[in-house]
Amino acid sequence: MSSSKAGKTKADAPRPGDPSKRTKTLIGLTILVVAAVTVGVAALLVSIMDRRHEAEDQFVRVAEIDENTVDPAVWGRNWPLQYDSYKRTADQAKTQHGGSEAMPHDPTAQDPRTVVTEQKIEVDPRLVQMWKGYAFSVDYREKRGHAYMLVDQRSTRRVTEFKQPGACLNCHASMPKIYDDLGQGDAKKGFDKLNKMTYAEATKLAEHPISCIDCHDPKTMKLRITRPAFQEGIKQLKASQGVKDFDVNRDATAQEMRSFVCAQCHVEYAFPGDGKTVTFPWKYGNTVRDEERYWNETGWNDWTHELTGAKMLKAQHPEFELWSQGIHARSGVSCADCHMPYEREGAKKISNHQVRSPMLNVNASCQTCHKQDEAEIKDRVAQIQERHIHTRNQASQALSELITDLEKAAKDPKTNKADLEAARAYQRKASFYIDWIVSENSNGFHAPGEALRVLNDANEAARKGQLALRGVHTEDLPDGSPAKAPTAGTGTPAAAKK
């Protein structure tokens with residue numbers, strides 16, 4: 001017998017009931033798994049309780065508020081953290097491709113502002129040509145924060161030098177109390193009455209820019225829609241999607257409302273009819289083609305172009321529409337998730353009410369979902385916007401050349417009328433599409449692919465307009481606009497006329 005074997009005794013053998021090393025390992029792993037699961041469940045329960053408390057929106061009621069409480073400072077007594085960030089909408093900051101730093105301004109009787117923003121029509125004079133004969137051709141500045149929305153509207157030359165309807169006030173002031181007062185408790189009647197007033201009359205009723213009451217129910221603090229135009233517009237949009245009788249304040253989800261409250265104003269609209277009713281063109285949907293189809297069908301024209309005689313459409317600021325075509329909307333990401341992100345203030349989690357570019361707050365706005373570092377995120381956004389700006393410049397140049405050719409052709413009595421009208425229809429299309437993108441304030445980021453498609457269609461329409469003036473007519477775009485033109489030359493090409 002070897003010495004190794006000889007050294008073993010019965011005492012060295014495993015005794016009945018003693019766990020082996022393998023069994024001990026299994027027991028240890030089981031304990032770790034149970035501990036991990038316990039911690040996970042506890043974290044989940046804590047998160048659920050946090051969300052429940054957030055939903056209850058606990059606060060110390062210092063001031064009583066109701067439907068007549070328009071001043072945000074009064075609301076701020078109950079919600080000081082939200083009010084503090086709301087006040088910072090007065091801050092001005094410039095990102096790489098948006099916003100504007102504060103610029104000094106000499107005040108006048110008509111424009112008392114001491115600070116303004118960059119004049120866009122001086123940066124790109126093609127905008128003056130595109131809007132010739134319309135108020136935007138004399139004054140179109142970079143946007144500022146919500147704190148300035150009322151004073152900037154009152155002071156723009158578009159208001160001081162042009163007669164504007166009261167309907168313009170709907171998106172530049174705190175409106176619920178104004179509607180109720182004018183309608184004697186009926187907001188819709190008040191809305192209809194305001195639209196028919198002149199802007200000079202209507203603006204006297206406003207004391208504050210957008211305030212807490214415009215988006216929150218003072219009793220429950222739940223988000224709500226207060227603009228009758230959006231209530232009707234979203235009803236039509238939902239109907240186009242197969243959802244009948246949609247009541248936004250009854251049927252919208254909490255997450256939808258985090259975009260809908262913004263979409264009350266950040267949309268395309270016009271004031272058709274004698275009532276100057278603020279109207280959203282969403283009968284067929286809310287793409288640029290859907291809206292163009294609606295305006296063409298109703299025969300709406302914003303103005304007649306001073307240089308060419310074309311009947312024109314003016315786009316407003318369709319951020320909601322472009323966002324609706326993008327990946328963030330498809331993924332369920334709301335406007336507020338990026339522009340009013342949740343932040344920690346001590347032990348509380350609140351929504352930041354500064355309402356600014358996500359590029360000024362990448363950590364809270366972007367990195368909750370995107371794990372790349374801040375530099376990479378900013379570079380990606382810049383790349384999207386630079387490609388967009390390049391394509392927009394190409395489309396704008398094509399439109400500029402069409403307008404130049406059309407102006408000459410309109411003055412030439414030898415120009416064939418059918419050619420001229422076809423070119424004007426193409427100008428209307430190209431201008432509306434470019435304007436739709438220019439007036440949308442994300443530089444294409446809200447839906448990069450859709451923005452490029454819109455600009456490509458605009459470029460094509462402008463070049464087709466130039467061909468039409470030369471007697472060369474091609475097939476219309478798939479959406480059937482502009483009005484069908486001849487498919488063969490009908491006269492002497494304009495370029496050959498002397």
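Analyst: Helices (H or I, at least four residues) and strands (E, at least two) are DSSP runs, numbered from the N terminus. With that, Glu64 sits in the loop between helix 2 (21-56) and helix 3 (72-78). This is a predicted model, where local features need pLDDT of at least 70, side-chain atom pairs count only at pLDDT 80 or more, and totals for chains, interfaces and linings use all residues. Residues are numbered from 1 along each chain as its sequence is written, and side-chain values use heavy atoms, with hydrogens and water left out.

User: Ok, so how many helices and strands does the chain have?

Analyst: The chain comes to 22 helices and 8 strands.

User: Why does Glu64 count as exposed?

Analyst: Exposed means over 50% relative accessible area, buried under 20%, partly exposed in between (1.4 Å probe, protein chains only). Glu64 has 64% relative accessibility, so it counts as exposed. Its C-alpha is also 9.7 Å from that of Lys219, with the two positions 155 residues apart in sequence. Across the chain, 46% of the 498 residues count as buried.

User: What makes helix 21 and helix 22 antiparallel?

Analyst: The angle. Their axes, for helix 21 (residues 417-438) and helix 22 (residues 448-469), cross at roughly 160° and come within 8 Å. Axes are lines fitted to C-alpha atoms, for helices over the stretch in contact, and angles run from 0 to 180 degrees between N-to-C directions. Under 35 degrees counts as roughly parallel, over 145 as roughly antiparallel, 65 to 115 as roughly perpendicular and the rest as oblique. Helix 21 and helix 22 are therefore roughly antiparallel.

User: And which residues make that contact between helix 21 and helix 22?

Analyst: Contact means heavy atoms within 4.5 Å. On helix 21, the residues include Tyr426, Tyr433 and Trp436, and on helix 22 they include Val454, Leu455 and Leu469. The contact divides into 17 nonpolar, 1 polar and 4 charged residues. Here Ala, Val, Leu, Ile, Met, Phe, Trp, Tyr, Cys and Pro count as nonpolar, Asp, Glu, Lys and Arg as charged, and the others, Gly among them, as polar.

User: Why is the pair of helix 15 and helix 21 called oblique, then?

Analyst: Put its angle against those cut-offs. The axes of helix 15 (residues 288-298) and helix 21 cross at roughly 135° and come within 11 Å. That value falls in none of the named ranges, so helix 15 and helix 21 are oblique to each other. Among the residues that meet are Trp295 in helix 15 and Phe432 in helix 21. The contact splits into 5 nonpolar, 1 polar and 5 charged residues.

User: Back to the loop between helix 21 and helix 22: what stands out about Asn443 there?

Analyst: Asn443 has a positive phi of about 50° although it is not a glycine. At 12% relative accessibility, Asn443 counts as buried. Gln184, in the loop between helix 9 (176-182) and helix 10 (187-196), also has a positive phi, near 50°, but its 78% relative accessibility makes it exposed.

User: How do you know that the sulfur of Cys335 is too far from Cys262 for a bond?

Analyst: A disulfide is a pair of cysteine sulfur atoms within 2.5 Å. The sulfur of Cys335 is 4.4 Å from its closest cysteine sulfur, in Cys262, so it's too far for a bond. Cys335 is buried, too, because its relative accessibility is 16%. The count comes to 0 disulfides. Cys212 is in no disulfide either, as the nearest cysteine sulfur, that of Cys215, is 8.7 Å away.
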